[in-house]
Amino acid sequence: MSRRTLTVFVDELAIEDGAIPPPRIGSISVLVLDFTESAARPAESMTVHAVLDLHRNPRRAQASRSAPEHWYWTGDLHGDGWQATWRGERPLTGAVTLTGHLCHWYSISYRGNSEVRGRVQRIQVVSIPFHAPAGAFWEPMPAGSRRYRDVATAPRWFDRDALHNGSVTAGAVVYGEIGVLVELDLDDLPPRPARPRVVPQSVSAGDQGVWVVDEKLPVAALITDESATEYLFSGAVASGRTIRATPTGCTITDGDTTFSCTNGLPIRQIAGSPSPTIDAISLYVEQISDTGWRLVLASSRGARTEIGAILPGYAPGSVIVHGGAFIVAVDSHSPHRHTRLLRITTDGQMTLGPALPNDGRHGLLASRVFSHPLRILLDDWVFPIHDDLGAGTPIRLGRSVLAAGQAGDTAWIVTHPPIPNPHRNDPRSWWPLPGPTDYDIARGKFWLLTLLDTQTLPLASYPVATAHPHLTKDRHGIYWITDCGLRRLPDKPMTWSEPVDLDAAITRTVPPGVNADPTR
């Protein structure tokens, strides 16, 4: 019986920025797949017989700022032992026969389960020709032939010296490496490791201990000292939940649904989406229409005060407590992505700040408000905020931000690690690190989590295996992070953290109450 094999192109950026370790023959690789229909690359193209589950809604794309937008469709393409994200210019569904190539480069893979797991049995470095038709700069030759070179291990850094060394000459042709072609054996594999009892999605420290919620299952846990209590609740099997510690327990936000827990009691469903608490008063954000939101103050004794609706065309973003009041960022739905701040006091007074500066925000990251001192992150800029909720002179961060948040009084961000470049000696090219650093990539892909001081300067950076962790700081000053499990940040920067064995710590389970869900 013949073995199932699959050939995948891995873009050089995925290896150089640490997203995956360099594949080597005999190793097990897990790759996120995109499928692109094309027969232009004979060595990389294949014809697949698969089943396509079309995503519900089409998407819009724009080749450049001057080009018109156009629609395209995406779907989950299920093959024999693999799954990829498909993109096409017309909708398809069901059983399909497609010719194209599989790529790993995080371009259109909207769903993380579009992956393949296999044992590497061949690796070829891919090079393409570049020319300079105008004699000004190198660019890929549209119809140039690719070169393939067999290796035992993919390079950590790819050879593009010909594009940087020497002068650009019209009529000349040079080659640069752009990635590797990996052939996977889908059958010669050990079993997948068993899923842990709790896989933390979000973490929050409170007076009782550290709370976590599972990334998919309706399960939360409270860690106190060396033991933990597991809480089940009547939520859906879904991802994207967040958890927030409260003075008496926690709240869990699951899309439009919110659950609340008092320590030791069953979790119950409540109305609204809660924020931090001030003197036993919480601010709730309630959706009243497809694009409309209102703010409500609620006390622990059940008193409720409607503050008013958020400005039409604006949606709520991050919420923090600063100076004894709630600060809410609201982002407009317009293409310009204007952001404004609201200050809401516990007696119901609301102040609306002016529109904050917008210098062509690309909108890849929602605005994020920090406290101590009051600041807001807009793309790669951090603006100090004045008493009137207007912005001061911004600080530009040295690298694009993928995620951001606040743990205790400390702001944090996640970025790609710097890519060493022998042609650049600018120390700022290593930001947020203080200078040249040797990376430990033995554990695989990584990003950098960086703690920022009150002046928005880097305090310390740590390698993390996910670009979107959750971080909290407990009353002892220990940072807890969800990063392929629950972990504590080590004392030494640029050191990998070790996982907490949450499964072994669980000694008790609190089942969901029969009447915990008010919809029943």
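1. A disulfide is a pair of cysteine sulfur atoms within 2.5 Å, and the structure holds zero disulfides. Why does cysteine 261 form no such bond with the closest cysteine sulfur? The closest cysteine sulfur belongs to cysteine 250 and lies 4.7 Å from the sulfur of cysteine 261, which is too far for a bond. Cysteine 261 is also buried, because its relative accessibility is 1%, where buried means under 20% relative accessible area, exposed means over 50%, and partly exposed covers what lies in between (1.4 Å probe, protein chains only). Cysteine 103 likewise counts as buried, at 0% relative accessibility.

2. A word on the basis of these remarks: this is a predicted model, in which local features need pLDDT of at least 70, side-chain atom pairs count only at pLDDT 80 or more, and totals for chains, interfaces and linings use all residues. Residues are numbered from 1 along each chain as its sequence is written, and side-chain values use heavy atoms, with hydrogens and water left out.

3. On the surface, Leu13, Trp157 and Ile419 make a nonpolar patch of about 260 Å². Patches are made of residues with over 30% relative accessible area and no salt bridge, like charges being joined within 9 Å and nonpolar side chains (Val, Leu, Ile, Met, Phe, Trp, Tyr) within 5 Å; a salt bridge is a side-chain nitrogen of Lys or Arg within 4 Å of a carboxyl oxygen of Asp or Glu. Accessible areas come from the Shrake-Rupley method with a 1.4 Å probe, and for residues only the protein chains shown count as cover. Leucine 13 is partly exposed, with a relative accessible area of 42%, and belongs to helix 1, residues 12-16. Helices (H or I, at least four residues) and strands (E, at least two) are DSSP runs, numbered from the N terminus.

4. Four strands form an open sheet in the order 25-26-27-28, and their pairing is antiparallel; two strands pair if DSSP finds at least two bridges between them. Strand 25 (314-322) and strand 28 (350-352) stand at the edges with a single partner strand each, so one side of each is left without a neighbour in the sheet. Neighbouring strands of this sheet are turned by 25° against each other on average, direction ignored, with axes being lines fitted to C-alpha atoms, for helices over the stretch in contact, and angles running from 0 to 180 degrees between N-to-C directions. Within the sheet, strand 26 (residues 325-332) and strand 27 (residues 339-344) run antiparallel and are joined by six bridges, and alanine 329 stands opposite leucine 341 in strand 27.

5. Histidine 372 deserves a careful look. This residue lies in the loop between strand 29 and strand 30, is partly exposed at a relative accessible area of 40%, and has a phi near 60°, a positive value in a residue other than glycine. The peptide bond from histidine 372 to proline 373 is cis, with omega near -5°. Another cis peptide bond runs from tryptophan 431 to proline 432, with omega near 10°, and proline 432 is found in the loop between strand 34 (410-415) and strand 35 (447-452).

6. Two further loop residues can be set side by side. Is leucine 389 buried or exposed? Leucine 389 counts as buried, at 0% relative accessibility, and its phi is near 70°, a positive value in a residue other than glycine. Alanine 143, in the loop between strand 10 (139-140) and strand 11 (147-151), is exposed, with a relative accessible area of 77%.
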